[in-house]
Every structure is written in structure tokens, then in C-alpha cells.
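Welcome, and thanks for opening the viewer. Let's take a short walk through this structure, one selection at a time.

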Amino acid sequence: MELAYTQEEEEFRARLRAWLAEVLPTLPSRPDPLDWPARRAYDMDWQRRLHDAGYAGLHWPKDAGGQGATPTQHLIFLEETEAAGAPYVGAGFVGLLHAGPTIAAEGTSRQRARWLPPILRGEEVWCQGFSEPDAGSDLAALRTRAVRDGDTYVVTGSKIWTSHAEVADWCELLVRTDPEAPRHRGISWLALPMDAPGVTVRPLRTLAGSREFAELFLDEVRVPVGNRVGAENDGWRVTMVTLSFERGTAFVGEVVACRRTLRLLARRAQQNGCWDDATVRRRLGRLHAEFSALWRLIQWNVSEAAHGLRQGGTGVPGVGGSVFKLRYSHARQELYETAAAVLGPASLELSQEWALERLSSLSYTIAAGTSQIQRNIVAERILGLPKGR
Amino acid sequence: MDFRLTADQEALRRGMRELLAARFGRQALRAAVDGAEQQQVVDGRLWRELGEAGLFALRAPQSAGGVGLGLPEAVLLFEEAGRALLPGPLVASHLAGGAGLVAGAADGSVVVTALEEEPRPDGGAAPLVEHLAAAGAVLALGEGYGTGAGEGCPVRVLVPGQLVAEPMRSVDPLSPLHRVRGLLPGQPPDDGGGTTGGGGGRLGGVSAEVLRGEAALLTAALQLGSACRTLELAVGYAREREQFGRPIGAFQAVQHLCAEMLVRSETARSVVYAAAVTADDEEISAAKLLADTAAVGNARDCLQVHGGMGFTWEADVHLHLKRAWLRAEQWRTAVAGEERLASALLQPICR
Ligand SMILES: Cc1cc2nc3c(=O)[nH]c(=O)nc-3n(C[C@H](O)[C@H](O)[C@H](O)COP(=O)(O)OP(=O)(O)OC[C@H]3O[C@@H](n4cnc5c(N)ncnc54)[C@H](O)[C@@H]3O)c2cc1C
């Protein structure tokens, strides 16, 4: 049980801090959150700076162009960048956290050479085309068809909830290549160029009013067979690599940010008199405990992952990620509910700080596997209860 | 950073689990419950064995005949004690033994209990003391409760006869309680410890505030152990008990109760262990708060999973729930912890 960082880790932190202090004042001003092309440009600019400074793909293996950093160094990176107020990974999310790691793990050397460097340099944006109108939690029910025609697949179907599809260059697409096979064995993973003929993107408006995600219509889109990562019909296994990345360290920066928000919220309560209300104080106090624990849970999971990596494993946090996600998504929602309690009627005004976060926090118990699905995973895979019905 | 347990820590924990399985297994637990009304709950022989195993001298320096280990190791042992529902004033005895406050506490020949708060002449709620009849000494850790202003409060060692106390019917059959109405002026105990510690409320170089924090942390560890145990009981029962032709654990409503139990206990574990490493007072508050919630919440869900069986005296679930309720009222309660954690949000952070 050692929580202190090694000297090496502290040196890494100090170098990073020094670089952040130098670079952050030189960044362009933040884009309008509703302007996706501007957001894309901003996020890619940041990724380019990370790349040039040697921080791109920190946790990716060296032979994939990454830095081969330990999970602990990656944790320090996420903690420090957030604490310094650096930009979030943003439009780079899918490339850096899903598609990239999948290609790194499962792609051929040609595929790695084609797709990984532009992700790391901040030149190409990826989106994730997994969910379909009739395949959400039950992802393996997906029906988008890919029919082989010589050395191309002809893809027809539709995807939904595809985040930032409107500014993506590529889509990691799950398609059905064998409709006769058992559900999990007829799926393949394709890299779909978003500018291919037959791809239509129709943005969807979220309850927060923004255009975070889109519907994707695919009408006889021709995708080269060489864009398939992993063997034909082996896409389900290939995908699972990606999904565990998502629940791993994806929320570290957010937890750091939530802890900061909590302090701001306490100050606000003190200013507007709410602080005199013991129920508000106690709610804030409990949230303080909650986020302290979540931070320690992250360190616990990272320690496990680092150990796994030393033992020759993947370094990807396993089912412990489900425990974390369940607790975190709930805590985040409670944080912004408490913010509304502190703001009172002012929370009804969308331009108020935290009003939009309150709305967007509602997606946390749904996206990346709903809370019910996470509980199923915990019950069956960790606790070993009989398969549910 | 490597948060995982070291091999030595794993071995220590395993040793404690084995000792308790041999000396305080389920049969012994039920025998203690059955005999609780007639006899002492604290078994003097077992107490000395725990002393020999180092439970009370764990953190005393080796130069003073102790084991010389730290809070993380203590937390692991207390987690095991919590799992086994081991009765007795473990926390107070461990504090007294570790700091050399009471002769005989470290080797388990004297049982030490604690008084958290001064009885108030103004008729405020009378503080409770557990296992008073079994105790040879009472560690009084003063007031300053929940205000954070405890720095100067005294550490005193009292003889049980100094307490003007009346027995009450305790909800937990294995934790007899007394309500304390007042204190009689005492004779200084033989070891010269005196009633009031020297400068700044320190006796033997320990501050009451530090001891109070450690008490909260060790109590949290007991709660954590109990929360893990009720999860195990629930999962075990859910696998075995069949209704509608299948194990009830195949029903999602039951699965989700169990999943949330794991989320509670693992979240509490991470902060309890971290607080043991940092000994940070804020983190200790968080640990106690989440461990209390986990112990009470898991015991209640475990009861639900057991159906009618859960409502019986025969099932162990109620013993966990009752002990969890009791520990939640000890040391940093939810109100005290939440208030401290809230005030801490207003303090500037040093990065
Ligand atoms: C903000 C946001 C961004 C997203 N981005 C992407 C993206 O970029 N790419 C992508 O592919 N997808 C994305 N998604 C989709 C997301 O993964 C799905 O919404 C999610 O998996 C749930 O699927 P669904 O919406 O079809 O809900 P459903 O699966 O229809 O679920 C409806 C309700 O039924 C419950 N339920 C379903 N099955 C079970 C079960 N077996 N047991 C118990 N309860 C069950 C669910 O928990 C939920 O409460 C995004 C979603 C959101 C909200």
C-alpha cells in the first residue's frame, strides 16, 4: 500500500508541469461549444502540441508510436493536465481511446502505419459507429450488413448516437459479415472513411440543445477489405479490447475537475447564504467523501492495471472499471443536482455556470454501457452469479 | 505508487483470518450470542490470544515490546475482525496498547474501553460506553466533538469505577452498553498516568485528536470488513436458494442489489486503505462516512436477499446490521464527518 510516487514519477510530473506552464498561455481562446468545426480545430491543435512535446499516445506501446509510459505516468498526465486547466481530449477521444488502441493491438503493420500517426499528430478524427437503432445495450444485435464484393465490402445500414460524427474523418464501424453465424461470431470491425459515397450524417440534438451525436446512414458504401482490422467475423473480440479502454482511465480528468467544482460550489454556497442550511452543507460534505474515494479507486485500479502489465497483461483496467463507472456516474449527477440546490432558481437559467453540466451529466448513466448493464457485468463477471434473465 | 497490498500485508491479513476462523468461527459467534445475557461477552482467554497475536501492540514500537507496524497493517487486521463480528472494545484496547497508555493493554491482559465525550452537566445526551463491565480501564478522549477544536482536549485514563453509569438494553447482543451520567474524581492509576495528561492534552506523547482520528479509521475498517462479509453472505445465498425453478441470483433484481453492495464495499475499501496510508484527517472522515454507509447498506440488502430467513434471529445478518448501526454512532458519526468534510472544502488547497 504505497501512495507516494517514485522519484522518477515525480520528475515526470515536474517536467510536465513546467511544459504546461509554458504552453497553456499560448493557446488560442476556447471555441464556442456549439461550433463543432471550431472545436475540432482547437482539439487537434492541442493534440499537435502534445505530439511535438512528446506526450502524444503516452499510454500507447512504443511500437505503435506511443510513449510506452506506465499506467501511473498516464494517471499523472491526466491529473496534471486537468489540474492545470489544459484542454480535454475532446474530438480526439475515439481515436486516442478506442480506435487507436484497437488498431495498435489488432492491426497489421500497414494498418498501424496508415492510421496511428495521424491520430497522434492530431490530423485525423475518428468516431465510433457501434450502436444502432435496434442494437444499444444489446450491441451484438447489430444488423448493418457488409457484403463482400471482390476486395471491397458493400455496407448498408444505419448507426445512431455517433458522437461528433459530423467532424470525423474515420469511423470505427461494426458490421455484420455473416448473418448465419451465432450473433457474436458474425461481426467484423471496419475503418470507414466518412467521405465515402453513400455515407450520410444527420446530427441529432441532445437535451442540452447541442449537437453531440448523429445518425449515420450507410447506403451501399464501398469499403476496401484492407480496412478490416482483425479477422473476418472476429470483430466482437476485437471490439472488447476497445470497450475496456473506455471504462479504464477515460474519466480521470473529470474526477479531478469535479473535485475542483465541489470547492467552487462550497464557496458559492458560502456567498449566497446556502451554507447556513445544514442539509446543503452535509450534502457537500458527503460529495467530498465521494470524490475522495473515487480518486483512490482510480489509483487502486491503475495499480492493478500496472501490475497486470508487469505480468505481461494488457495494462487495461478490467471489470474494476465497471465498479468505478457505476459510482462515478451517480456521483457526477449528484454533484450537479447539489449545484442546482445551491443555485436555487438561478439554476433554471441556461447561461448559469453548471446548468449545462447538470443536463449533460444525465448521459453518464447511459453512455458507454448503461448502469443496468454495468450491474449485470458486476453480478455475473465479478460476483459469479448465474446468468441473468 | 503501488496501492496494492504487499506480500507481507497479505500474509498478515491471512494470518488474522485463520486465527479468527479457528478461534471465533461461526459456532463461537453463535455461542457468544446465546450466552450473551448470562455471561461476559468478552472472552478473556481469546483477548489474551489476540494480544499475543499482536493485535493490541501492533503499532507500539519494537523498543517498547510492540510489533512496530503502522496504520495500514492495523486496518487490515481490523477489517478481518469486522468480518468475523469479533466482539469487544477492540479499537480502544488497540489505541491504549499502541500508545502505552494502560499497562496490560498491549498483551491483552487488560481490556480497555473508551469514553468519547464528557458527560454534560447540562443534561445533553449522555454518552455511551461499550463493554464497561469487562473493562479494566477507560480511555477518555475528551470532547471537542465534531468541532475540530480538539487539539487541546485531554487524554485521560480512568478506572471504570469513576464512571457514574447505568446499563441499557443494547440493540447489539454482543455489545453491552452503559449510559454515562457523570464522572467521579479518580485516584491516579498506579502507573502514574494520572487523570489529565500533561501539556496540550497529551499523555505519553499522544494527542487526543490523533487518537480520535485513529479510532474513527479503525472503526471504519471494522465496518468495511462487515460490509464485505454481508456481500459474501448475500451472494452465497443467492447462488443456493431457488425459487421459480432457478437460483434467485439469476433474477436481475437480486443481481443488482448484490452489484451495488460490491460497489459500496470497494469504494469504501479504496478510501479506508488510502486514509490508513495518509493518516490525513479529512480522508479519515471520508473513510468513516463511506464505510458506515457500506456496512449498514450492505447488511440491509443482505437481509433483503435472504427473504424471511433474513428476519430471523438464526441468520447472522441482523448481527452485522446491529453492529454496523452501533459503529456508525461511534467516533465520527455521519453528521460530524459530513460537517468536517464540508468545512474542509472551504480551506485553501496546497498543491
Ligand atoms: C451522450 C452519448 C454518446 C454516445 N456516443 C456513442 C458513440 O459515439 N458511438 C456509439 O456507438 N454509441 C454511442 N452512444 C450510445 C450508447 O452506447 C447507448 O445509448 C447505450 O449503450 C444504451 O443503448 P440504447 O440507447 O439503445 O438503450 P437501450 O439498450 O434500449 O436501453 C434502454 C433501457 O433499458 C435498459 N436495459 C437494456 N437492456 C437491459 C438489460 N439486459 N438488463 C437491464 N436493463 C436493460 C437500459 O439500462 C436502459 O435503461 C452514446 C450515447 C450517449 C447518451
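Which side chain of chain A meets E338(B) in a salt bridge? Select E338(B) and look across to chain A: the partner is R286(A), with N and O 2.7 Å apart. Keep in mind as you go that you are looking at a predicted model.

**Stop 1: a second pair across the chains**

Now select E283(B) together with R296(A). These two form a salt bridge as well, and their closest N and O atoms are 2.5 Å apart. Colour the helices and you will see that this pair crosses between chains, running from helix α8 of chain B, where E283(B) sits, to helix α8 (residues 278–310) of chain A, which holds R296(A). Side chains of opposite charge can pair when their charged atoms come close. Between chain B and chain A the rule finds 6 salt bridges, while a search of the whole structure gives 58 over all chains.

**Stop 2: the interface as a whole**

Widen the selection to everything in contact between the two chains. On the chain B side you should pick up 56 residues, touching 55 residues of chain A. Together the two chains bury about 5,100 Å², and carbon and sulfur atoms account for 62% of that. To find where chain B loses the most area to chain A, select M1(B), L345(B) and L346(B); these three together make up 19% of what that side buries.

Switch on polar contacts next: 26 residue pairs make them across the interface, counting pairs with both residues at pLDDT 80 or more. Then colour chain B by element. The elements that each supply at least two residues to the side touching chain A are α4 (71–84), α6 (208–240), β10 (246–247), α7 (252–278), α8 (281–305) and α10 (334–346). Of these, α7(B) gives the most, with 18 residues. Colour that side of chain B by residue class and it divides into 31 nonpolar, 12 polar and 13 charged residues.

**Stop 3: the ligand**

Centre the view on the ligand and select its surroundings. There are 18 residues around the ligand, and the closest are Q128(A), S137(A), W161(A), T370(A) and Q372(A). Show both chains here: the site is shared between chains, because residues from chains A and B surround the ligand.

Three distances are worth displaying:

- S137(A): an N or O atom of its side chain lies 2.6 Å from a ligand oxygen.
- S131(A): a polar backbone atom is 2.8 Å from an oxygen of the ligand.
- S163(A): an N or O atom in the side chain is 2.9 Å from a ligand nitrogen.

Add a surface, and you can see how the protein covers 65% of the 970 Å² of accessible area that the ligand has on its own. In chain A, β3 (152–163) and α11 (371–382) are the elements giving two or more residues to the shell.

Finally, colour the shell by class. How many of its residues are charged? There are none: the shell divides into 7 nonpolar and 11 polar residues.

Notes. Residues are numbered from 1 along each chain as its sequence is written. Chains are lettered from A and ligands numbered from 1 in the order in which they are written. This is a predicted model: local features need pLDDT of at least 70, side-chain atom pairs count only at pLDDT 80 or more; totals for chains, interfaces and linings use all residues. Side-chain values use heavy atoms; hydrogens and water are left out. Contact means heavy atoms within 4.5 Å. Buried area is the accessible area (1.4 Å probe) that two parts lose on being put together, summed over both. A salt bridge is a side-chain nitrogen of Lys or Arg within 4 Å of a carboxyl oxygen of Asp or Glu. A polar contact is a pair of N or O atoms within 3.5 Å; within protein, one must be able to donate a hydrogen and the other to accept it, and residues adjacent in sequence count only if both atoms are side-chain atoms. Helices (H or I, at least four residues) and strands (E, at least two) are DSSP runs, numbered from the N terminus. Ala, Val, Leu, Ile, Met, Phe, Trp, Tyr, Cys and Pro count as nonpolar, Asp, Glu, Lys and Arg as charged, and the others, Gly among them, as polar. A residue is near a molecule or strand if one of its heavy atoms lies within 4 Å of it. Accessible areas come from the Shrake-Rupley method with a 1.4 Å probe; for residues, only the protein chains shown count as cover.
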